[in-house]
Structure formats: C-alpha cells, structure tokens
Amino acid sequence: MNLKNGDLMPEHSYNFHHFMPADVWRWKMIESEIDQVLALYDYEEIRLSILQDFKIINRGISAPKDKFQTGEAVDDTLTLCAVDNDQSTISLRPEGTISVLDYAAQYLAEDELHRLYYHGPMFRKDPQGKPQEFYQLGVELLGGSSILSESEVISLGIRLCKSLGLGEVTLKLNNFGCKGCRQEFIKEMRKFLAECESELCVDCFAKLSVNPLERRRCEDPKCLQILSQGPKITDYLCDSCNADFVKLKKIQANLGHSYRMDPFLYKNFSYYNGTVFDFVLGQGDNEIIIGGGGRYDELSEQITGKSMPAVGFYLDMDTIFDILKQRSVYEPQNGTFAVYLFAESSSMDMMLLQITHELHALGVRTVFGINGDELSQQMQRAKRKGCSLLFAIRDQNIRDGKILLYNLIKEHQEYIPLSDISNAVLVARKAINNE
Ligand SMILES: [Zn+2]
Ligand SMILES: [Zn+2]
C-alpha cells in the first residue's frame, strides 16, 4: 500500500510499502495469528536476509532451463532486483524457498523432517522493469517424501486461511508428475505448440516453448481458447504418480476440504514436481488466488545436493491483508488502560515527568497533553486517545500538595494528595478493568 498523504509526501510511482500505525496494528494481529497456527503444527520461524546471493537465487529460478532442456533463454517470470547493477552479485530477496534450501544445504540433516516458515517483504521487478515490494508468508516442509507431507502442508494452508478470517477458502489441485510423466507431456505440448504457432500470440508461444507448465498470464481469449484444447498434464501421469494423487485427493476430501481439479493450474516457477495447488477465494471471473505451492523435490536436490524431498506454499499477504481490512476482521482498539497528563505551564514539566515515571513503573500507559491548552480541549484529546483518567498539573494545586484527577469514564473529578497518585490510579484501573 502506498503512503498517500496529500501535500506532505510526494506521490511516487514505485509500489513500496509504508504502513501507518493502524495498519501496523493489523499486521501484528495477523502475524500473531499466523505464528499461533504454525506453532500448532510444529513449524519454526526462520529469518532470511533481505540481501541474497544473486547467483544462488538465479540458479534456483533458472530451473526451467535445465528441466526442459532447451537452449533458449530462461523465462523472465521472476526478475531479480540486483543491488549492484554492474556485478549482479547481490539481489533483493525475490522469494524464500531457494534461500531456505541454501540454508538446508549448509545446516540441516537430510534424514530428518524440518518444518520452517518466514514472512516479510520480497522484491521483484514488474514487467516494465520497476522494482516492486510485496509481502509473503512462506512455509516449507523439508525431508518428507510421502503423501502425508503434502497433505499436512495443504491442510495447514487451509487452516491458516480459515483462522485468519477467510473461511470460504477452497483448494485447487493439479499434478506436474515426475520426470517420466513430464517428458511425455512436454513432447506432446511442443507438438501442439508447433501446430498452433500462427494462432497463438508471440508471447504465449515463446513462454510456453520454454516452460509448458508456466502459469499463463495472457488475457487474449483466443490464446486461452486454443490452449484449453491442448494436452493436459494429468492425462500423462504414470501409475505411481497417479496412485499418489488419488490418495492425496481422498485425504483432502476426508478432511472436509473442498477442492477442484484444475489441469490448467500452472505455476510461475518451474521448479515444482508432483502435487501443485492454489488456495483460492471466489469462483470464475471473481476468483482470487491468495496463495499456493507444491512439491519441489528436484529443485531441493539441485540446491542442497542432498536427498531432501520438499513441499511448501506461500500466502500472498498483501492481498490477504487488504481483504481482511475490507472485512474489518482486525480492527485497532484503544487497547490498554491509560492516563492522560498535562501541565498548566512549562514550570510544571519536572512534576509531569516525575508522575509519568512513577506510572510507568506500575506498567501504566501514559499520554502527554499539550501544555497550556484549555481543560475541555485536553479532555477531548484524552478521550480520543482512549485514556480513562486525566491529571491536570497546576501551580496552585501543587503548592497545596494536591492534583486534579478527572475520571473520564465516570465523569467525576476530585483533588487528591500528591502522595496518593499511584494508589488512586491503581484503584481506578481495578474498577475500570473489573480486576
Ligand atoms: Zn510419474
Ligand atoms: Zn497469448
């Protein structure tokens, strides 16, 4: 979300993230919910550097080149934001999976299960070459080759979406098969592409020639129509891949997760094999993909050099944040009990700070007023800030050893001795919080 603050901030054309306090509050609530759900499934958070080794990332996302054995240039679905343009040795983090695998290669045992997650900003260039910042949650399960691992990860994704407040989330499934199944599919797909080269747009033809499993972003209805007639990967699954997939679908159905098969569910990254899935809201033209993932055993082997089967998913946190905000699922509240203080003049500043110091020691939140404003203005401001009590520090009263305490909830005022400030606040807090 861009910060748009009229005259104060120049509006810029980059999509960088700045969040104001109310939105930060929402983010923290959402992140706390995510942490709790992931802890239930025994996932641990890791924090990845924003700066990444360009070569390692590039090697991971260049997987299609090796995978489909073409001599053509790697597709530019994911364009890295290099920090040092001339040398391309450091890039801003474009996604997390490759970094997690690089970490696994160095530190993780291959005969164990590792459950990891991370969230935060990622950076890629848009089709016009402009850097874009977006927030993503990534969840990775390393070391599990069975259908159970895929089922766990998918179930976790659904649980997460539901817990966040997206109860209507559904699952879309496809399967990219193993190397064996894919070879046959790719052969048929190339044959098909050659036949309809003249009818497809240049972009579709070029992209699909490099990677037939890429998520097509073409909006030309003609391309979509032609491609819907083309080979479907699920028609080429070998017996073993097919049996596993049937089992996975059965488990998801038994868990009560409604799913739809989509043989044209493809991915921007070509590093997936086996089960691939999307988490979606709505249907048809109103469908929004809020996350997805799949198995990436081959990428894992390539990066880690170990036999470490892997499956994971991402959630598009920007989209999820916007939807939850629209639905007012997480609304900032005037949280904890607070005391508002102001001094009549700057000569009372020391007294103001001393009282505040005393209240902080009791764990009481304080809000400073603006010295010199009228009592009525101070009271309005205190209410806006969600304060329950107000202290007015005035020369005259202080000389008499007293201070004016106004209870904004009960709309009642009294003068209390300076020595009784802490006690009066604690008694009021107890009454207000029903402690
Ligand atoms: Zn297979
Ligand atoms: Zn097209």
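This report looks at a zinc site and a helix pair in a predicted model.

## Ground rules

Local features here need pLDDT of at least 70, side-chain atom pairs count only at pLDDT 80 or more, and totals for chains, interfaces and linings use all residues. Residues are numbered from 1 along each chain as its sequence is written, chains are lettered from A and ligands numbered from 1 in the order written, and side-chain values use heavy atoms, leaving out hydrogens and water.

## The zinc site

Four cysteine sulfurs hold the zinc ion (ligand 1): the SG atoms of Cys-178, Cys-181, Cys-238 and Cys-241, at 2.1 to 2.3 Å. Donors are N, O and S atoms within 2.8 Å of the metal (3.2 Å for Na, K and Ca). Their angles around the zinc ion run from 103 to 120°, so the arrangement is tetrahedral (four donors, all angles between 85 and 135 degrees).

Along the chain, the donors follow the spacing C-x2-C-x56-C-x2-C. Cys-181 in helix 6 (residues 179–195) and Cys-241 in helix 9 (residues 239–254) sit 60 residues apart, linking distant parts of the chain; helices are DSSP runs (H or I, at least four residues), numbered from the N terminus. Both Cys-181 and Cys-241 are buried, meaning under 20% relative accessible area with a 1.4 Å probe, protein chains only.

## Helix 2 meets helix 10

On to the helix pair. Ile-56, Arg-59 and Gly-60 in helix 2 meet Leu-299, Gln-302 and Ile-303 in helix 10, with contact meaning heavy atoms within 4.5 Å. Among the buried residues of helix 10 are Leu-299 and Ile-303. Just after helix 10, Gly-305 takes a positive phi of about 70°.

Methods
Four donors count as tetrahedral if all angles lie between 85 and 135 degrees; four count as square planar and six as octahedral if opposite donors are over 155 degrees apart and all others between 65 and 115; anything else is irregular. Helices (H or I, at least four residues) and strands (E, at least two) are DSSP runs, numbered from the N terminus. Buried means under 20% relative accessible area, exposed over 50%, partly exposed in between (1.4 Å probe, protein chains only).
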